[in-house]
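Here is a short note to read alongside the structure. Keep the model open and find each residue as it comes up.

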Amino acid sequence: MEKEKKVKRSVYWNPYFGGFLLGLVIIFTFYITGRGLGASGAMKSAVVAAVDAVAPEHAESNAYYSKFITEEGSPLNAWLVWEALGVLVGAFVSGAISGRLKLKVQHSPKITAKRRLVMALIGGVLFGFGAQVARGCTSGAALSGMAVLATGGFVTMLAIFGTGYLAAYFFRKNWI
Amino acid sequence: MGPLIPNGIIPEQWDFVIAILIGLAFGFILEASGFSSSRKLVGVFYGYDFAVLKVFFTAALVSMIGLYYMDYLSWVDITQLYVHPTFMASAIIGGMIMGVGFITGGFCPGTSLTGVAIGKIDAMVFTLGLMIGVFIFSEIYNLISPFLTRGDYGNITLDESLGIPADMIILAIAIAAIAAFYFSDIVRGKVKKVFY
Amino acid sequence: MSKKYQLKKLSTRRYQILAAILIVLAAGLVLLPENPKHEGIAPNLFINKAMSTERYLSTDLIADKMINKDPSVLLVDVRSETEFAKFSLPNAVNIPLSKFLDEEFEETINQDVYDIVLFSNDNFMANEAWLLGNRLGYSNLFVMKGGLNEWFNTIISPKIPEETMPREAFELYAFRKAAGMYFGLGTTEVPEVKPVIEKCSCSCSCKFPCKRPGKSCSKRKKEEKCSGRRLLIYCCPLDY
């Protein structure tokens with residue numbers, strides 16, 4: 001049983017190797033486009049597009065949505081949205097190669113799947129909100145910011161992980 | 001002379017093709033490093049798996065060292081690269097909210113996408129949560145927008161804020177990262193193993 | 001068991017090497033000598049700009065702007081101070097080519113408020129100044145085509161068009177004549193300029209045919225040094 005688990009775990013790349021390749025991708029991204037990677041921006045575009053489709057007047061009048069609505073083209077026609085589509089496909093390919101494609105809820109054996117999903121939803125809401133406040137998430141603000149030594153990137157990174165460690169104790173039952 | 005698209009060396013129509021290609025590589029690497037698993041990601045906070053720390057800092061170091069070498073060789077003009085603007089208050093508060101979100105939800109936006117791609121239902125719910133979070137933010141934007149521009153330092157970099165040359169900062173980060181990797185392995189050896 | 005231990009030792013060694021490489025690379029950034037790269041624009045863009053004739057503004061256009069007192073134009077005389085003192089265009093600023101990159105003038109040249117029109121006796125020195133400025137990425141630099149020599153040919157003493165020429169030529173002539181009156185009033189007479197050219201004391205050769213038939217320009221050809229740089233001056237048209 002344990003052996004099987006071990007085999008399964010080892011199929012992930014060595015983290016240093018993954019990190020090295022990720023660093024190269026960041027360099028390539030900066031070299032080609034002049035800006036870094038991102039992920040939460042795609043979510044924002046999706047939300048803006050959805051609100052614009054459901055309630056266009058509301059989207060126009062809202063100070064935040066209206067920043068991202070342009071005359072020409074949908075807000076979904078953005079760099080980060082295309083990048084996010086690439087992420088989905090790339091992750092799917094990697095998961096397919098390693099045989100990790102499976103529809104399931106991953107959770108600690110100590111909690112129920114339902115509790116995990118509720119937590120995931122709360123976490124998602126918080127993360128989505130925080131990413132807008134900080135103008136970027138772990139990839140957009142912290143990782144890409146650190147690559148060009150942006151002060152904000154380091155501050156955001158420290159805030160994310162620092163708070164994560166502080167809060168970890170209270171959430172330990174969910175994970176270990 | 002990079003960056004290529006802003007300098008018109010690659011026509012702008014290629015922007016979206018390149019976006020997909022970069023996304024492909026990004027998603028593949030994240031998934032292959034195990035970032036589609038929330039329990040692996042969260043391991044960094046409980047000491048049973050430091051993949052996040054290792055991947056994150058290795059990537060940051062490789063990219064900053066690489067970019068500064070490329071700048072030295074004039075392959076890329078580092079002053080033309082987009083520097084994430086620093087708004088101190090929102091960076092700290094936003095980061096703290098994200099930190100709590102991370103430990104609660106077990107993902108961050110990029111990794112949740114990889115989870116979605118391989119069929120993790122918790123990742124899908126997390127992504128839905130992300131969108132709800134963005135929606136709530138937009139709806140109360142007028143209330144909180146004065147706060148968001150507090151502590152505006154513009155597109156400042158660490159060497160400018162600290163007054164230390166960039167190369168010294170990079171060297172310090174490299175040493176700190178290797179120390180962190182070393183200690184993370186020690187911690188991991190002492191912490192009870194968690195299988196997932 | 002021992003095999004497992006060996007494996008662990010091997011991987012430890014591997015990580016030590018990787019860590020060492022990382023530190024060496026980061027330290028390399030610190031130890032590298034000061035960056036030798038150029039400031040300013042990329043060489044390929046620079047060549048494109050240098051080959052283009054977009055930088056040239058005609059004397060007529062400049063005269064028009066000066067008469068209309070266009071505030072967006074700043075005339076910069078890149079000849080030496082002595083030459084500038086002898087004669088220059090009205091409201092021109094003197095930034096000699098030798099001092100073009102001095103800090104005191106940087107604010108004047110490196111800006112995006114005015115269009116700066118560089119001129120010298122001909123295109124040559126103004127072009128050099130233009131190249132220097134563009135290499136550093138300064139924008140809004142222009143060159144008055146033909147320099148002061150052309151200025152005299154067209155504005156101060158324009159050529160009377162022949163009767164067979166189209167109407168535009170006469171209109172242009174009328175404009176030039178009026179402009180010449182405007183600029184000629186009291187300030188400078190053509191003869192005053194002569195010593196300027198002679199004083200410039202550069203290698204002087206005629207680049208285009210003399211206006212007055214029979215008068216060869218080679219007589220005025222002089223070979224002298226001008227601040228270590230040999231310059232070509234279109235001396236011929238000033239031989240009136």
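## Notes on the cores, the interface and chain A

1. Start with the largest nonpolar core, in what is a predicted model. This core has 129 residues. B:Leu61, B:Met64 and B:Ile170 touch the most other members. Helix α3 of chain B, residues 51–72, supplies the largest share of the core, with 14 residues.

2. Now pick out B:Ile170. Which residues is B:Ile170 in contact with, leaving aside its neighbours within four places in sequence? Three are in chain B: B:Met64, B:Ile65 and B:Tyr68. The others are C:Ala26 and C:Leu29, from chain C.

3. There is also a second, separate core. It holds 29 residues. Among them are C:Ile62, C:Ala63, C:Ile95 and C:Phe152. As background, in soluble globular proteins nonpolar side chains tend to be buried together.

4. Next, look at where chain B meets chain A. On the chain B side, 115 residues are in contact with 110 residues of chain A. What is the chain B side made of: how many nonpolar, polar and charged residues? The split is 75 nonpolar, 33 polar and seven charged.

5. Turn to chain A itself. Chain A has nine helices and zero strands. Along the sequence, its pattern therefore reads α-α-α-α-α-α-α-α-α, counting helices and strands as DSSP runs. Its C-alpha atoms fill a box of roughly 60 × 40 × 35 Å, taken along the principal axes.

6. Finally, check burial and contacts in chain A. Of its 176 residues, 57% count as buried. Take the contacts between residues at least 6 apart in sequence: 51% of these join residues at least 24 apart.

Conventions:
Residues numbered from 1 in each chain as written. Chains lettered and ligands numbered in written order. Predicted model: local features only at pLDDT ≥ 70, side-chain atom pairs only at ≥ 80, totals over all residues. Contact = placed C-beta atoms within 7 Å. Nonpolar A, V, L, I, M, F, W, Y, C, P; charged D, E, K, R; others polar. Helix = DSSP H or I, 4+ residues; strand = E, 2+ residues; numbered from the N terminus. Buried ≥ 20, exposed ≤ 12 C-beta atoms within 10 Å, placed from the backbone. Core = buried A, V, L, I, M, F, W, Y, C linked by C-beta atoms within 7 Å.
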